[in-house]
Amino acid sequence: MPVLPELAAVLAAASARTRPEPPGGGPVLREAARGYWDRRGLHGTAGGIAAAPGSQPLLLALIGAHGGDVLMPRPCPAAWMPQARLLGRPAYHVPTPAECGGIPDPFALLETVRRVRAEGGRPKLLLLSVVDDPTATVAPPELVREACEAAVDEGLHIISDETWRDTVHRPRDTVLLSPAEMCPDDVTVIADLSGALVPAAWPVAVARFPDTPRAAVRHARTLDILTALGALVAGPVAHAAAHALGEPDSVRDRIRRAAALQTEVAAAAHRAVLGSGTLARPPQAGRHLYADLGPLRSRLADLGVTDSMELEEYLTDRLGAPAPGGHRFGDELGALRVRLGTGPLLGATPQQQTESLAAGKPLELPHVARALDGFAAVFSELR
């Protein structure tokens, strides 16, 4: 999406700031993040906030601040497993339920924890995302509750990635329960602001820690690691991020318009994918669609596509846009799964994208219609 003019002006006004923020963010940024979560029912203090230049260094610091092995759902965001591996931490995938991604199946979670312990491991940390990348699904509250209760009962601390919570396509029809609402002392929440609030080129992410003595120790360890990494938020970016976290009317309007646009375009892309015989859960949030081309395996084999690496190469070439294979998200290489981005369908230029945002019926815009027709044609060829 084009940069919101108001945010660009705020960033420009702070361009003379030559010093980065202190480790974990300065008081203005941390107070803005506190207010952001307070409006979502997650109360706390600015002292329990940590900021970093993007979710990857922040997650690396959080994992480093905790001991033990790491568990995460399959599939999961592409950056999660590499962060654990960089730290030399054993990491294990747990299957997700049929209804959604992002949350481990509670029974599979218990089985995995007990198996890891029986093999001499020390499972201590669970990563999950209620609003999920890559599957673009929102986990039902009952599943969130069951998974979190199982994790806490087994002594796991939870890191809840809520980067995409403000991108839910139909917020009035979707109940979103944060794990921190039900297990406030056992959940650290993180959010990369590029999900909905700031452009991806302005890297900034924030974490909210529980209000407990143990969490205070982990917060201090996290700041130590961010300091060692030199992972400091740029001063102008911090100023713009604090403004966005305050959610003035212009930011709220952009979030609402972007969600409404993605609702229309993602649903059309989903229909096109299903029309080819491909499987995919209906997208509920974000800017992606996770497709399983397993039913088309024989047709794809005729084209020389037999695994997700080859599927990634084939679809990236045919679509003219990145289509990362499921192996990047922890799925098995032999599974023919792929994450499809809906961003390229909104327009090739900032002007077209702005037009898409403003349109009451975006699917009728010529550039959107052409992009969707081309997208659908790629999958029609696979029938």
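Which unit do β2, helix α4 and β3 make? In this predicted model, the three elements, with α4 covering residues 80-86, make a right-handed β-α-β unit. Strand β2 (residues 69-74) and strand β3 (residues 91-95) run parallel and are joined by 5 bridges. Within this pairing, M72 stands opposite H93 in β3. The loop between β2 and α4 holds P75, and the peptide bond leading from R74 to P75 is cis, with an omega near -5 degrees.

It helps next to step back to the whole sheet. As general background, the strands of a sheet pair through backbone hydrogen bonds, either parallel or antiparallel. Here, 7 strands form an open sheet with mixed pairing, and their order is β1-β7-β6-β5-β4-β2-β3. The edges are taken by β1 (49-52) and β3; each has a single partner strand, so one side of each is left without a neighbour in the sheet. On average, and with direction ignored, neighbouring strands are turned by 25 degrees against each other. At the β1 edge, the partner is strand β7 (residues 205-208), and the two pair in the antiparallel sense over 4 bridges. A50 has A207 in β7 as its bridge partner. Helix α5 (residues 106-118) packs on the sheet, where it touches β2, β3 and β4 (123-128). The direction of α5 makes about 150 degrees with that of β3.

The nonpolar interior comes next. The largest nonpolar core has 54 residues, and the members that touch the most others are W37, L109, L126, L193, L197, V198 and L245. Helix α9 (residues 235-245) gives the most to this core, with 7 residues. A closer look at L193 shows who its companions are: leaving aside neighbours within four places in sequence, L193 is in contact with V198, V204, A205, V206, A241 and L245. Another core, of 30 residues, lies apart from this one, and V265, A268, A291 and L311 are among its members.

Two helices give a useful view of burial. In helix α3 (residues 55-65), 8 of the 11 residues are buried, so the helix is largely enclosed by the rest of the structure. The buried residues of α3 are P57, L58, L59, L60, A61, L62, I63 and A65. In helix α12 (residues 308-319), the buried residues include S308, L311, E312, Y314 and L315. The buried residues of α12 pack against α11 (297-302), β10 (337-341) and α14 (366-380). The length of α12 can also be checked: at 1.5 Å a residue, its 12 residues should span 16 Å, and the end C-alpha atoms are 16 Å apart, which agrees.

Finally, which residues have a positive phi although they are not glycines? One is A136, with a phi of about 60 degrees, and another is E247, with a phi of about 55 degrees. A136 sits in the loop between β4 and α6 (141-153), while E247 has its place in the loop between α9 and α10 (249-275). Are these residues buried or exposed? With buried meaning under 20% relative accessible area, A136 is buried at 1%, and E247 is buried at 7%.

Definitions and conventions. Residues numbered from 1 in each chain as written. Predicted model: local features only at pLDDT ≥ 70, side-chain atom pairs only at ≥ 80, totals over all residues. Heavy atoms only, no water. Core = buried A, V, L, I, M, F, W, Y, C linked by side-chain atoms within 4.5 Å. Buried < 20%, exposed > 50% of the residue type's maximum accessible area, 1.4 Å probe, protein only. Contact = heavy atoms within 4.5 Å. Pairing = 2+ DSSP bridges. Right-handed = clockwise from strand over helix to strand, strands pointing away. Axes fitted to C-alpha atoms, helices over the stretch in contact; angles between N-to-C directions. Expected span 1.5 Å × (residues − 1).
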